[in-house]
4 protein chains.
Amino acid sequence: MPIPAPTLYPPFNIVRLSHVEYRVTNLAASRAFYVDTLGLQVTDEDDRTIYLRAMEERGHHCIVLVQDDTPSVGLLGFKLFDEPDLDKAAAWFADQGLPVDWVERPYQGRTFRTQDPFGIPLEFYARMDRLAPIHQHYKLYKGVKPLRIDHFNMFSADVDASIAFYNTIGFRVTEYTEDAESGKCWAAWMHRKGGVHDVAFTNGRGPRLHHTAFWVPTPLNIIDLLDLMATTGYLANIERGPGRHGISNAFFLYVRDPDGHRIEIYCSDYMTVDPDLEPIKWDLKDPQRQTLWGAPAPRSWFEEGSVFEGAALVDSQLKAQPIIAP
Amino acid sequence: MPIPAPTLYPPFNIVRLSHVEYRVTNLAASRAFYVDTLGLQVTDEDDRTIYLRAMEERGHHCIVLVQDDTPSVGLLGFKLFDEPDLDKAAAWFADQGLPVDWVERPYQGRTFRTQDPFGIPLEFYARMDRLAPIHQHYKLYKGVKPLRIDHFNMFSADVDASIAFYNTIGFRVTEYTEDAESGKCWAAWMHRKGGVHDVAFTNGRGPRLHHTAFWVPTPLNIIDLLDLMATTGYLANIERGPGRHGISNAFFLYVRDPDGHRIEIYCSDYMTVDPDLEPIKWDLKDPQRQTLWGAPAPRSWFEEGSVFEGAALVDSQLKAQPIIAP
Amino acid sequence: MPIPAPTLYPPFNIVRLSHVEYRVTNLAASRAFYVDTLGLQVTDEDDRTIYLRAMEERGHHCIVLVQDDTPSVGLLGFKLFDEPDLDKAAAWFADQGLPVDWVERPYQGRTFRTQDPFGIPLEFYARMDRLAPIHQHYKLYKGVKPLRIDHFNMFSADVDASIAFYNTIGFRVTEYTEDAESGKCWAAWMHRKGGVHDVAFTNGRGPRLHHTAFWVPTPLNIIDLLDLMATTGYLANIERGPGRHGISNAFFLYVRDPDGHRIEIYCSDYMTVDPDLEPIKWDLKDPQRQTLWGAPAPRSWFEEGSVFEGAALVDSQLKAQPIIAP
Amino acid sequence: MPIPAPTLYPPFNIVRLSHVEYRVTNLAASRAFYVDTLGLQVTDEDDRTIYLRAMEERGHHCIVLVQDDTPSVGLLGFKLFDEPDLDKAAAWFADQGLPVDWVERPYQGRTFRTQDPFGIPLEFYARMDRLAPIHQHYKLYKGVKPLRIDHFNMFSADVDASIAFYNTIGFRVTEYTEDAESGKCWAAWMHRKGGVHDVAFTNGRGPRLHHTAFWVPTPLNIIDLLDLMATTGYLANIERGPGRHGISNAFFLYVRDPDGHRIEIYCSDYMTVDPDLEPIKWDLKDPQRQTLWGAPAPRSWFEEGSVFEGAALVDSQLKAQPIIAP
């Protein structure tokens with residue numbers, strides 16, 4: 001299936017991805033990972049929940065950690081442009097026959113919960129409590145110096161269908177991988193906020209969350225994190241990298257939190273605000289697609305992901321296989 | 001004058017700043033500076049004109065160098081979202097009583113030339129020839145490794161009036177400097193594309209172009225450029241920096257081209273896509289506003305700029321003075 | 001006076017500079033500066049004295065802070081190769097008619113105190129307590145990530161005489177500045193350990209300690225320190241930089257401790273172990289000597305320094321003047 | 001076998017490793033690799049031979065490329081302190097029953113060729129032509145910006161014996177890997193010039209040259225080289241890295257030249273001039289020894305190396321195996 005033409009005038013205006021809720025089995029262990037190691041800032045916490053933001057963010061939270069019995073992903077949050085967009089969005093999802101539940105979320109204005117056609121729980125809001133800037137409070141910077149949440153990457157059992165849906169609500173494809181044999185998309189990167197992606201979809205048993213990514217200042221911050229994790233008991237949590245992606249051109253590292261939720265540390269992709277930006281096509285058989293420098297990803301990176309609360313899993317029917325590290 | 005509320009639904013959709021036309025008196029000398037030293041890529045040239053793009057840009061040009069008898073700025077170019085926006089924009093400018101001339105520009109689609117109320121020549125288009133990506137052609141990277149044009153900064157004899165005009169057409173203030181005594185704005189930074197600015201205005205005899213800025217990957221590229229310029233005959237062209245701006249938090253360097261046109265090299269500001277992002281206010285008397293680390297800018301930086309073709313100059317009536325290096 | 005030929009077989013073997021004793025008037029304030037801000041590690045402390053080491057050092061201390069009524073420098077320490085060298089050195093200083101006092105120094109083996117002919121208090125030892133490596137304890141790294149003490153720079157009222165003396169005991173000139181008019185040396189950089197210098201001398205009222213330098217991994221660590229100091233109350237302690245020295249080619253920053261003792265943060269000079277390395281000569285009138293990028297140093301940098309305990313000050317007779325920032 | 005005590009007063013004074021002669025089968029292809037890609041500078045060349053130096057070196061050559069029918073290593077060169085050391089060294093090798101041949105080498109003073117007891121061809125000299133400094137000719141920097149040759153690493157069939165021999169002539173062990181089962185050394189790093197090593201030995205069929213290493217300014221230069229090689233036809237020449245070694249703490253990358261000779265790009269180890277520096281011991285079973293971040297090296301890295309001209313190969317008798325990437 002070819003990449004659809006971008007939806008220049010979508011039914012409502014999504015500004016960007018906003019936040020993720022991770023259910024975790026040991027809140028103290030997760031705090032040590034996200035706060036003491038990655039360097040995210042706590043904006044509120046009690047014995048069941050921790051709210052976190054990155055250094056340049058002024059919204060109240062980009063990650064919500066919630067204590068639970070088993071690890072999962074409670075929701076993916078998106079910020080809409082304005083309150084009228086919120087009502088347009090709610091109406092649009094209802095029109096699609098998808099559930100729309102208005103929910104109370106601390107530190108957020110009016111918020112509704114829905115899901116995409118594949119079962120991913122989505123929440124939309126237009127206004128979240130704004131906090132005072134801390135990006136020049138350099139004493140607070142630590143760990144990998146995370147600046148902002150960058151994107152969500154999800155396993156999809158039908159990437160073409162995922163592209164079609166998210167394209168309809170205004171996400172534009174910037175790069176994609178084609179399985180030349182079947183002519184189907186293996187993976188796609190789609191943006192709203194002007195980088196390579198806010199959301200991406202990769203072929204596999206889904207829906208599952210592959211990873212959430214954070215933007216950092218330079219590759220040296222990623223090297224600092226590797227040194228820190230390697231010498232503070234997190235050696236086994238380093239999964240892949242550092243390296244440069246062929247797709248997106250970003251410098252990357254993948255690490256796993258104590259429950260196995262995958263976090264990408266990411267910098268230096270490119271600006272994509274032009275509405276006539278041509279998508280870049282890659283071939284599934286090109287090893288530089290994954291890593292420009294040639295190293296394949298490990299099997300765990302292709303197979304493991306976080307389940308979404310309440311989403312039924314479906315296997316992909318694609319038979320093609322990426323190159324996996326032996 | 002307080003900062004006006006942002007125009008959430010402007011009369012037409014400007015995507016971003018696009019390009020500048022610099023009139024230069026020695027095209028070969030300018031080529032040595034922009035191509036061999038800064039590292040911009042030539043996309044077309046003849047004996048009167050050179051078209052340049054930066055490494056991640058796919059539009060045909062971000063700088064057009066034109067041989068002339070005296071140095072000046074021929075135009076500031078902006079990209080609109082779509083062809084309908086182009087017609088809406090032309091109508092809007094005509095409604096303001098501003099001139100609208102449809103012009104032929106190589107490598108661009110329909111383009112009109114107008115000016116802002118202060119005389120700055122502006123050109124708008126929606127489509128420019130798109131070139132194949134070169135951001136992964138690493139053999140081409142040289143000089144400061146310029147990735148993309150980032151912003152224009154202009155002297156304005158009435159910053160409040162400049163803010164009001166550009167706010168009306170959708171630029172949003174992200175940071176500004178107030179002259180506490182007069183209650184007027186000394187300077188303002190306004191964006192469309194999601195960084196701290198596409199355009200900025202600084203108090204002074206105007207309108208003049210203070211500088212055009214290019215985004216680079218890391219501060220180390222700026223250090224590389226300093227080393228290169230200092231040892232290839234461009235020592236006197238280094239005007240200010242390196243340093244970190246208080247405003248924008250960006251790491252910066254200012255250099256002058258052979259005709260004195262000022263170029264800023266810039267990296268690491270922050271994302272501003274949220275429509276409810278609160279502007280950050282600075283006091284004119286705060287030295288960290290200019291340089292977070294305290295060093296004041298030299299007198300030339302406050303006083304010298306490039307004239308716009310055909311624009312009459314007006315002195316500012318503000319009496320306040322910034323801190324200038326002795 | 002020409003630079004003397006290096007002493008290939010000196011009377012005793014100095015391995016490297018080792019440590020400095022700073023007398024400070026507020027030990028808590030100094031601790032906040034050296035430990036919490038620069039990131040040196042405390043190896044011992046009581047209410048009168050703090051011992052510090054840098055991250056890759058295994059000797060017990062590179063700085064000793066001692067509470068006192070007025071700021072001064074108690075001693076410059078040097079490490080000798082072996083115990084026999086210590087006896088040869090003591091005999092040699094005694095032969096020159098210089099005082100030799102065997103002193104007790106915590107954490108050091110046999111140590112004697114002497115002075116150079118100009119009154120600088122020097123202490124020599126061969127063995128200091130060795131501590132376990134911490135260079136891979138990345139959790140401890142903070143501030144500017146100081147790796148090791150690099151050099152001492154001193155004001156000398158007669159640089160040629162200082163060069164002659166230190167050359168005799170094996171320090172080799174790597175670079176020097178000549179005052180072309182008088183034919184005298186304005187400044188010289190002399191090494192033992194294989195970098196551009198362990199000691200340097202600059203013309204001026206002396207003897208005084210101009211600064212002690214620390215080596216850090218990359219220029220980005222220096223930028224981090226600037227950001228930190230600028231936002232934690234140390235703005236006025238930033239004196240000069242960042243920049244690249246023409247001499248030594250190092251990337252540098254000069255900061256002042258709470259008592260005004262000057263610390264240089266320094267990286268990326270070059271290896272000088274070849275005994276036939278030719279000294280590089282600079283002209284006092286060449287502004288790139290100071291800063292390759294052209295910015296002159298401020299007046300304080302040329303005029304202020306720390307007095308040595310017990311050393312009488314003498315004015316230089318040279319009339320030439322360096323270029324000073326206006 | 002325990003690590004022997006360092007030889008504090010060796011029979012002659014080796015300053016540092018100096019140069020390597022690589023026999024290559026396609027001089028033009030090798031030039032494209034070493035000059036156009038790595039960025040070494042040509043100091044002389046004809047149709048059979050190319051002499052290269054790195055950016056901060058003032059000696060005439062650190063690599064000599066010689067056209068030949070099959071790839072091999074012609075010699076490892078070392079610089080002695082002074083001419084008397086050259087005679088002492090020649091006498092000492094002769095006393096050991098090792099061959100001593102005085103040879104003519106362009107751009108070098110008196111030079112003799114010998115071999116170590118395991119057949120590695122060694123050449124010693126005290127003086128080589130000195131060239132004008134180019135370390136501030138920033139226009140010349142390209143590729144990975146190689147600053148200086150750093151070390152040789154060799155396969156040895158009996159690492160304990162290699163340590164014993166090189167220790168006798170003054171090389172000091174800084175770090176080593178023990179095979180706990182046999183009590184034998186698996187690998188050792190030994191220095192003269194004040195870094196972690198000038199020479200290293202790794203267990204394996206030997207003698208063979210494992211790699212020659214070059215020092216570069218920062219990890220970002222290594223990332224630049226990866227990007228360049230990955231997009232200019234050298235993808236298959238990237239063998240291992242980037243990463244941080246546990247041993248030496250250096251940031252590294254291994255690449256292969258067109259004949260398979262292995263080059264390490266290396267930065268940020270630590271200073272080792274103290275004669276009482278304690279060697280750091282690692283266990284062969286510790287995966288962080290190889291790469292602090294945990295990734296094992298590929299099989300080729302453990303098994304492939306360059307043969308020395310005229311040296312007979314012997315298998316190691318050690319049965320222990322390092323951890324190899326699957």
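Chain A of this predicted model is built from 6 helices and 18 strands. How compact is chain A for its length? Its radius of gyration is 19 Å, and the globule rule gives 20 Å for 326 residues, so chain A is as compact as a globular protein of that length. If you drew a box around its C-alpha atoms along the principal axes, that box would come to roughly 50 × 50 × 40 Å.

Now let's look inside. Of the 326 residues in chain A, 56% are buried. Contacts in the chain often join distant parts of the sequence: take those with a separation of 6 or more, and 69% of them link residues 24 or more positions apart.

Next comes the nonpolar core. The largest one has 373 residues, and among those with the most contacts inside it are Leu80(A), Leu80(B) and Leu80(C), along with Ala188(D). To get a feel for one of these spots, pick Leu80(B). Setting aside neighbours within four places in sequence, Leu80(B) touches a run of residues that includes Phe12(B), Asn13(B), Ile14(B) and Val15(B). Its other contacts include Asp85(B), Leu86(B) and Ala89(B), as well as Phe124(B), Tyr125(B) and Ala126(B).

Finally, turn to the place where chain A meets chain D. Each of the two chains puts 15 residues into this contact. Which elements of chain A supply at least two residues each to its side? They are α4, spanning 219-230, and β14, spanning 238-244. The biggest share comes from α4(A), with 6 residues. Sorted by class, chain A's side of the contact has 11 nonpolar residues, plus 2 polar and 2 charged ones.

Methods:
Residues are numbered from 1 along each chain as its sequence is written. Chains are lettered from A and ligands numbered from 1 in the order in which they are written. This is a predicted model: local features need pLDDT of at least 70, side-chain atom pairs count only at pLDDT 80 or more; totals for chains, interfaces and linings use all residues. Helices (H or I, at least four residues) and strands (E, at least two) are DSSP runs, numbered from the N terminus. The radius of gyration is taken over C-alpha atoms; the globule rule is 2.2 Å times the number of residues to the power 0.38. A residue is buried if 20 or more other C-beta atoms lie within 10 Å of its own, exposed if 12 or fewer, and partly exposed in between; C-beta atoms are placed from the backbone. Two residues are in contact if their C-beta atoms, placed from the backbone, lie within 7 Å. A nonpolar core is a set of buried Ala, Val, Leu, Ile, Met, Phe, Trp, Tyr and Cys residues joined through C-beta atoms within 7 Å. Ala, Val, Leu, Ile, Met, Phe, Trp, Tyr, Cys and Pro count as nonpolar, Asp, Glu, Lys and Arg as charged, and the others, Gly among them, as polar.
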